[in-house]
Every structure is written in structure tokens, then in C-alpha cells.
Amino acid sequence: MHRHHHTSPHSWPSPSLPALSSTSPPPPLSSTNGSAHAHAHPLLPYLDLAHSSIQLKQIHAQALKFPPHPHLLLLHSRLIHSISLSGDLLYSLRLLLHPFPLLLPTSFSFNSLIRSFSRSPSLKPLSLQLYLQMLLLSLSPDNHTFPFVLKSCAFLSSSSFGSQLHSHIVKLGFSSDIYILNSLGHFYSSCGKLSLARQLFDGMPLRNRVSWNIMIDGCVMCGEYETALELFRDMQSQFSPDAYTMQSALCACAALGALSLGMWAHAFVLRKCDASVQNDVLINNSLIDLYSKCGDIVMARRVFDEMPQRDVTSWNALILGLTMHGQVEDSLLAFVQMISDVEGDKLRPNSITFIGVLSACNHGGLVTEGQKYFRSMVDEFGIKPQLEHYGCMVDILSRAGHIEEALELVKNMNCKPDVVYGEAFLIWRSILDACCKRNAGVEFSEAVAQRALESELVATSGVYVLLSKVYASANRWNEVGLVRRLMSEEGIKKEPGCSSIEIGDGIVHEFVAGDSSHPKSKEIYEKLNEVECKLVMAGYVPDSSQAPLVAEVDGVKCESLRRHSERLAIAFGLISTKPGMTIRVLKNLRICRDCHEIAKLISKLYCREIVVRDRARFHHFRDGSCSCMDYW
DNA sequence: GTAGGGTTAG
């Protein structure tokens, strides 16, 4: 009887439900009162036909007017599922927390919403709360719950929450579900607990392609690139790699800076992967990054030119690559091309684009341009400057001697220079470096260092090293000693320098300062002697000011300088490659001024091109000069 | 009586 008051779904406004009248009409609504209870909810078929959240909400409205039905709970669950998939998370959350009268939400409903929340960056924390809410309602999480809660934990690096999930998983008997194990593995490696992820992986009764991909990517995330490539090889006896696999493999090659290995990976993509992988934007972006990080910017550009489609990241990878290689003009040109509508694919730059652009200005010493781009970033593109952008600007200003202006910028920053350790340190280092170079005066420099130390950076070596440089440059050796004592009292150590070089078929040789562990160590030091004799004959005088603190602790300044890791790697390169071949070296820290001088001279005396990738950028040494124009 | 896992550039 009361059904006469309902609006029939067939009479809904036609734009909302066009499918209903044309294709596969659902069973008629009317049936006898008795038999209705035995069947599915009459509105259920409409769910599969609904194409928009408006239609889904109309079904919800209908359901509210329907008489009680034993399968209302199923309809409710399915509604939440469909509406959350349609993107209206607020609506489905309301539906979950305020269900129809007399109904309690189901695990299924929670799962649906947790999944949708775990896919949105900002709502990930809420998915964890939903999980707790679910437990409070005595609903049991299941094999569809854990993967998504773990995904959120991975993203948020919520290591304690995730570990507790792990024990829930064990308790509830889900510890052999492959989906759950894969998600757990991903979670552990995102939190840097590799060994745990590896343990899990090794103990898996069954692995699929995703398990391998997660493990390989986990190694890459934790910096274990060689292991990643080993796994990549092992995996192939069981699964062919897909775009995800290649993505990680390329990333590992890029990080290792091993050009021939990277070229091999590229060849692998071209030979063994299908067209969808070869044309994949992400894969091509990784290739651009790979070649620029391996020192072959020409090849990076070629990949960029030849890829079928480009996105912001493609442009960013190119701009950052050109900048890293000191090709300032090309980098800025690429930016202009990106924002102009040349090929019909005008793109909006993002904050990373501007890191590339501002670094280019910094690299080229372009103060006015840097300021112009910084302003346009804020005013024209509405991008809020981050510490990294301020870092570039501060560096540009300090290098140009505008120290007061740089300090003013730091003062007016909307983020404190102590949030991110690395960047904050760079900001103060830029200023202190400039203070040293420009003889800003010890008192002034001390005041700057004082401010740096106040900003929670006390436990880092960088500021102390710089402060000692300030004193050393003013010949105030008592203070140098004082700083040194302070450092040793606080147990502060400098990060050890490490350089690597790839010789032949992808074999990477690694050196630390003063290393004598290499099998060819004797030959390396002999070569180093020869090189240095030649250099001295050519009039070279070592500059020891760059090895201020740690070197002096040993009491043998020049000796320690002579054994810098990059120097050992270059010497090894000289004895292990054919005359005229390019020597490519990778260093974890910035190259020191003296090693930089030496590399320039070696490039001339031995007619070798030497490419050094340090922490910040590439140095191409050719015929006695460097692409960075001694500006880094 | 419903459903699913893993990415890029600093």
C-alpha cells in the first residue's frame, strides 16, 4: 500500500539515470509482501546500474523510504562501498557512522571506507582512526582490512601502529594471506625496517610478482641498491618484470650512478618489456633521471625528446638534470618552454620545478633572475616557498656577497630554518661560507653561527666545522681548538666521505678516505704518487684550508688530504681504464676544493675527461677546467 | 552476501 507513495525509479529525472530505461531493466519493484523477504533487496540491482554519486544518493533516498527488509544491511554496506568509490567520502562516512535505524555498520562497510581513505593522502590518518573505531564496535578486521590500514601506516611511517597491526594479523590467523604479507612487507620497508621486510619475504610460503616488486622497491628505498639488483635478477626465473619492477631497477641504477648498468637496464626495457612499459611516462621519467644521474645528459635529453607523452615530472627531471650538469641556460630555456604552449601541452610548474630553476640561477650566479623567478613562483604560480627554495635564495644572495640580505630573508621566512635538518644546515652553511670567503668579521660570523646553533642544530657537525673555519680563516687557533674540543665532548663526528667508480661490466669499486682495503691498493697509491709528483712539477700547491678539522686531529693535514676518497677513485680509474676513456666517480659528500683543483689538473695532464657526481651536482673536468666554473 | 596489494623528480 504505502509503496504508492514512492517515486518509482523509472520516473527519476532522466539525466541522472539514463541507463535504466535503455539497458537491462532491473526486476520490477512490486511483489507480494511475503516473498520480498526471501529475496535480495529490491534496490540492490539499481546499484550496479548507477553511474554517478547523484544516482547512488537517489538510491539511498529510496532506501530510506522503503519498509524494513531483511537484506537492508547488505544494501547499506553496498551503498557505502559504491559511494566511497564514487569519491564522496564525507557522504559515505556519514552513512557509515549514522546508518539506518536499528542497523550497525559491517566490517565490509568499514573496509570500503578504510580503503578509500587510504588512497587519499590527507585522509590516511583517518583510516587508522576508522580501524580503531571498528575495533571499538567489536567488528572483526579481516583480510580486506589489513592491506589498506597498512598502506596508510606505510605512508605515515607509523611504525608502532603497524607493528600492532602485525600482531592483530597473527592473532586473527591471517599470517599466510599473500595480500596481507605483501602489504606488511611494504609497510616495514617504508619504515626503514628492511631486515624485517626481508625476513617476512624469505618466510613467505608463496610469492607473486607484487611480493618481488615490493621487496626490490624496499631495498631501493633503504638504499640497498646492489641487493635490489640481485633480487631483480633472482626474480626473473619466476616472473617477468613489469613497469613497477623496472621502475625500481632503473632507480637503483641511477642511485648507483653506474652508467653501463643503467644502459643495460634501459636495453632490458627495450628488449624484454612490452610497448606499454616502453611508453610508460613513469618509466621514461626514470630513464631521464637515470641518464642525468649517470652523467649522460645528452642521452637524458634524447629520452625526453623521444618519449610519447610528457608530464610535469618529465620536465622536472630534465630541468633538474640540466641544472645538475651546470647547463644553466638550457635549464632555464626548458622552463620557459614548459610554461609556454609550444607543443600544445602547456604544463603548470610545481614546487620541484622551481627547485630546479632556482638552483640553475644559483649555479649561474644569476642574482636578479633568481629573485625574479622566486617572485613569479609566489605571485604568478601561487606556490608557497619551502625551505628548499629559501635555501637556494639564501645561497644565491650569500655567494654574491649580499649577506645581510640573506639574513633578512631567513628572518622573514614563513618556515623556521630548523625544520628539516639537511636544508636548514644548508641555509646556515651558505651564510657562514660567505662570511668566511668575504671576511665578514669574526664577531659577525660568530653571531651567525650562534643563531644556527640555537636552532636545534647543536648535535650536527656542520655548523661546528664551519665555525672552526671562521676561526681558522682569522688565524684564531685557540678558538679552533675550543670548537674541536666541544665537538669531541659532544661525540660529534663528521660523516665519512666515500667515493665509488664503475669499471668494466658494472662492477662498482668503493673507497673511503685513506682506504687500503682494495686489492690493488698498492698500485693505486703508486699512481697517486706519480700523479702528485707530476702535479707538483707543473706548479701545483695543495690548499689545505678545506680539510680543517678532522684532518688536523690526525696531525697530518696534507697527508689526510692526499687520501680523500675521490682521489683514490680517480687514481684507480687511471690505472684501470684505457687512455682517453672518461673516468666517472660518485661521491657521497661535496667534493673538496683541493680535490677539485687536482681533478682539473689531471684532466689536462692525462688528457682525460673526469666526471664527478657529488652530493649536489655534477662536475665535468675537461682540459684543466670544470663545468661548474668553480662555483658550487 | 558484496571487495583487494606495490611508483617518478629535490
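This passage describes how the protein meets DNA strand B and how two of its helices pack, as seen in a predicted model.

The protein surface around DNA strand B is made up of 36 residues, and R119, N182, N213, Y244 and L282 are the closest of these. Of the strand atoms that come within 4 Å of the protein, 34% belong to sugar and phosphate. Sorted by class, the residues near the strand comprise 13 nonpolar, 14 polar and nine charged ones.

A few polar contacts can be picked out individually. On the backbone of DNA strand B, a phosphate oxygen sits 2.5 Å from a side-chain N or O atom of K151. R115 also reaches a phosphate oxygen of this strand, with a polar side-chain atom at 3.0 Å. The side chain of N208 turns up at a base instead: one of its polar atoms lies 2.7 Å from a base nitrogen of DNA strand B.

It is worth following K151 into its helix, α9, which spans residues 146–156. The axis of α9 and that of α8 (residues 124–136) come within 9 Å of each other and cross at roughly 135°. Angles over 145 degrees would count as roughly antiparallel, so this pair is classed as oblique. The crossing of α8 past α9 is left-handed. On the α8 side, the contact involves K124, P125, S127, L128 and Y131, while α9 contributes F146, V149, K151, S152, C153, F155 and L156. By class, this helix contact has eight nonpolar, two polar and two charged residues. K151 thus appears in both settings, in the contact with α8 and beside a phosphate oxygen of DNA strand B.

Key
Residues numbered from 1 in each chain as written. Chains lettered and ligands numbered in written order. Predicted model: local features only at pLDDT ≥ 70, side-chain atom pairs only at ≥ 80, totals over all residues. Heavy atoms only, no water. Near = heavy atom within 4 Å. Polar contact = N/O pair within 3.5 Å; in protein donor to acceptor, adjacent residues only side chain to side chain. Nonpolar A, V, L, I, M, F, W, Y, C, P; charged D, E, K, R; others polar. Axes fitted to C-alpha atoms, helices over the stretch in contact; angles between N-to-C directions. Helix = DSSP H or I, 4+ residues; strand = E, 2+ residues; numbered from the N terminus. Parallel < 35°, antiparallel > 145°, perpendicular 65-115°, else oblique. Left-handed = near helix turned anticlockwise from the far one by under 90°. Contact = heavy atoms within 4.5 Å.
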